[in-house]
Amino acid sequence: MKDVDPATLSADDWDELHFPRPDENDFDRVVESALSRRGFLGGVLAFGSGAAAMGSGLLGSTSAHAQTASRFAFTPIAAQTDGTVHVPEGYEWQVLMRWGDPLFSEADGYDITDGGPVENSDKVFGENTDGMETFSFQGHQLIAINHEYPNRKINLPAAQEGVPANADDVRKLQNLQGVTVMEIAETPDGWTVVKDSPFNRRIHHNTPMKIVGPAAGHDLLKTEADPTGTTSLGTMNNCGSGKTPWGTYLTCEENFNGYFGSSNESATYTPKVADGFKRYGIKAESWNGYELFDPRFDTSKNPNEPHRVGWVVEIDPTDPNSTPVKHTGLGRFKHENAAVELAKDGRIVVYMGDDERGEYLYKFVSNGVYTPGGDTEGLLDDGTLYVAKFNDDMSGEWVPLTPETTGMDEAEILIFARIAASEAGGTTMDRPEWVATSPVLAEAYCCLTNNKNRGVKPNAGGDDTSVNGPNPREANKYGQIVRWRPANQDHAETSFQWDLYVMAGNPTVHSDAYAGSENVNEGNLFNSPDGMMIDSTGVVWIQTDGNDDNEGDFAGHGNNQMLAGDPITGEIVRFMTGPNGCEVTGLTWSADRRTMFVGIQHPGGSWPDGGTPRSSIIAIKRKDNGLVG
Ligand code: FEO
Ligand code: CA
Ligand code: CA
């Protein structure tokens, strides 16, 4: 981590600060363990040809070894280190919306510089964009977009060093996060936001929500303000996203722990609450100082409030008056995104990663069946939550989290899903970020972004994190993407086969496992895969949130970027690069699939247009208006 000024830290970096990296890595053991993983370095090839054998006529090449023509409709671009966006020849990009831009006329002139005002901070586009999805509704194009966390250094007056000085400061930070729903339209001059559209809406840390599902109403969810344990305020640290078949948006609460602190460091908690705080990283010291002026975030006064976040939240983007719903059936952890699939029989399957070093990959399967136009109640709550167990022979199984496998009751399994997953013997992973499922093949992918603790120290629950099949490198600095194919091509099945689609690395620096897998080369170097979506043609779009120093281990990687991967051959090429300092995260398409919308989070310098750097959504098109996904 380069910057240790706490006021500039992301929630993720805040965790880094609290778990500093060890000085030494055992590289010899890394090589030995990774290379001894049978089938691993060749896994791309073995699994790729298997995918071809599944019979998707859409996917061109059938041999990973064959030097066939690339399936990609663009010329890959080189790594970049400058302060702007680059796309391939024949493509163009524009900024659609920037942090602080008004969603409503009353917020015209809202100025983010010098710590903008609290007034109207809930009527502008929020900061630090992340997951997003588009929706078509009665001729309107809507887009829902997450705002993960605020840059406290910029949002608060400079003299305050990122620490709130009053309740208004806290309220402003709370307003600039959460979710934006807005209407967009394509005009002869490009894409624009429809200001004052009745669909425009900001959902933030004080928006009323419902809590539903098996854990709703449990004592651990009750507070003085909500003695029923069924209503809460706000959604926070909204990271990745998902979309249901019935047209609602799923926003995923990730690093919620940092929003809570305690005014009484010696406060005591019941053993269950204390164990949960330890496993989920809730400490007396908060990341953002909310508890100084908002007692809801003071755990010595409201010890159950942290149990009311860490969920997946469903939002109806077509009804600006709808109440968002927290689904306890999907478990509580640091949710990255929610990849929704239909099982063969119509049951709902949701894949979810818990982005923490040595935590787990989960799957929910509903009891009920989805029928278009039918009642969807319970489809994200009534069912079974599973944790993934990967075997070294490249098979795997989904272990149900039940009283029998965990020794816990149903509600506590969901509220403390991490503890339940440990009890059930899941496989500790290298920080599961986005899961993406393929619309053309019965397979799913998960970005395992990196894990400096792999083989170095156990997770917060004390689980062993020695190298294992899908996480084969100690002190993993580059990350990898694991892929699995469910038995019988049915995502509801409890067994699967897995391989590694790619192991990022640097073959120009290393000749051991840190060189990466065979499909990593000098022309496509990247690290820390994070965001991921698979388009309607099966192309795997990979976004990165990694080291962009472009030096040493990361020489030639350049700025964070978006790459495109062929699921059959394993070929990966660079499509887009972001401005230096940024993370590229969030991807969705217009209804006609002639525009892709991409999120640029926390850009450095003064992107996009001079002055204060602003996270933004960009629209990318082919100049000939061809399909882009
Ligand atoms: Fe918000 Fe794990 O990324
Ligand atoms: Ca992410
Ligand atoms: Ca990340």
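Visitor: Which spacing do the donors of the calcium ion (ligand 3) follow along the chain?
Guide: This is a predicted model, and the answer applies to the model. The calcium ion (ligand 3) is coordinated by Glu-433 (OE), Asp-530 (OD) and Asp-545 (OD), at 2.3 to 2.4 Å. Along the chain, the spacing of these donors is E-x96-D-x14-D.

Visitor: How many residues apart along the chain are Glu-433 and Asp-545?
Guide: Both residues coordinate the calcium ion (ligand 3). Glu-433 belongs to strand β18 (residues 432–437), whereas Asp-545 sits in the loop between β23 (540–544) and β24 (561–565). The pair thus links distant parts of the chain, with a separation of 112 residues.

Visitor: Is Asp-545 buried or partly exposed?
Guide: A residue counts as buried under 20% relative accessible area. Glu-433, at 2%, is therefore buried. The relative accessibility of Asp-545 is 22%, so this residue counts as partly exposed.

Visitor: Which residue bridges the calcium ion (ligand 2) and the calcium ion (ligand 3)?
Guide: The protein donors of the calcium ion (ligand 2) are Glu-336 (OE), Glu-433 (OE) and two OD atoms of Asp-530, at 2.3 to 2.7 Å. The two calcium ions lie 4.0 Å apart. The residue that bridges them is Glu-433.

Visitor: Where along the chain do Glu-336 and Asp-530 lie, and how many residues apart are they?
Guide: The donors of the calcium ion (ligand 2) follow the spacing E-x96-E-x96-D. Glu-336 is in the loop between β12 (325–327) and β13 (339–342), and Asp-530 is in strand β22 (residues 529–534). Glu-336 and Asp-530 are both buried. Along the chain they are apart by 194 residues.

Visitor: Which strands are the edge strands of the sheet of nine strands?
Guide: The order of this open sheet is β13-β14-β15-β16-β17-β21-β20-β19-β18, with antiparallel pairing. An edge strand pairs on one side only. In this sheet, that description fits β13 and β18.

Visitor: Which residue in β20 does Leu-448 stand opposite?
Guide: Strand β19 (residues 444–448) and strand β20 (residues 480–486) run antiparallel and are joined by five bridges. Opposite Leu-448, in β20, stands Gln-480.

Visitor: What is the average twist from one strand to the next in the open sheet of four strands?
Guide: The order of this sheet is β22-β23-β24-β25, and its pairing is antiparallel. Its edge strands are β22 and β25 (572–577). From one strand to the next, the twist averages 25°.

Visitor: Which residue in β23 is the bridge partner of Ile-534?
Guide: β22 and β23 pair in the antiparallel sense, over four bridges. The partner of Ile-534 in β23 is Val-540.

Visitor: How many of the eight residues of α9 are buried?
Guide: Among the elements that cover the buried residues of α9 are α6, α7 (403–406) and α8. The buried residues themselves are Ala-417, Arg-418, Ala-420, Ala-421, Ser-422 and Ala-424. α9 is mostly covered, and the number of its residues that are buried is six.

Visitor: Which residue follows α6?
Guide: The buried residues of helix α6 (residues 271–280) are Val-273, Gly-276, Phe-277, Arg-279 and Tyr-280. Their cover includes α8 (410–415) and α9 (417–424). α9 is followed by Gly-425, which has a positive phi, near 80°. After α6 comes a residue whose phi is positive, near 75°, namely Gly-281.

Visitor: How much space lies in the second largest pocket?
Guide: The lining of this pocket has 29 residues, and those nearest its centre are Glu-133, Lys-243, Met-533, Ile-534 and Trp-589. The elements that give two or more residues to the lining include β2 (129–137), β9 (238–243) and β26 (583–589), as well as β13, β18 and β22. The space in this pocket is about 650 Å³.

Visitor: What is the volume of the second largest cavity?
Guide: The model has two cavities of 30 Å³ or more. Residues that line the second largest cavity include Ser-232, Phe-260, Arg-296, Glu-305 and Lys-326. The volume of this cavity is about 40 Å³.

Conventions: Residues numbered from 1 in each chain as written. Chains lettered and ligands numbered in written order. Predicted model: local features only at pLDDT ≥ 70, side-chain atom pairs only at ≥ 80, totals over all residues. Heavy atoms only, no water. Donors = N, O, S within 2.8 Å, 3.2 Å for Na, K, Ca; no water. Buried < 20%, exposed > 50% of the residue type's maximum accessible area, 1.4 Å probe, protein only. Contact = heavy atoms within 4.5 Å. Pairing = 2+ DSSP bridges. 1 Å grid on protein atoms, 1.4 Å probe; cavity = no way out; pocket = protein on both sides within 12 Å on 5 of 7 lines; lining within 4 Å. Points joined across faces, edges and corners; volume = space filled by probe spheres on them. Axes fitted to C-alpha atoms, helices over the stretch in contact; angles between N-to-C directions.
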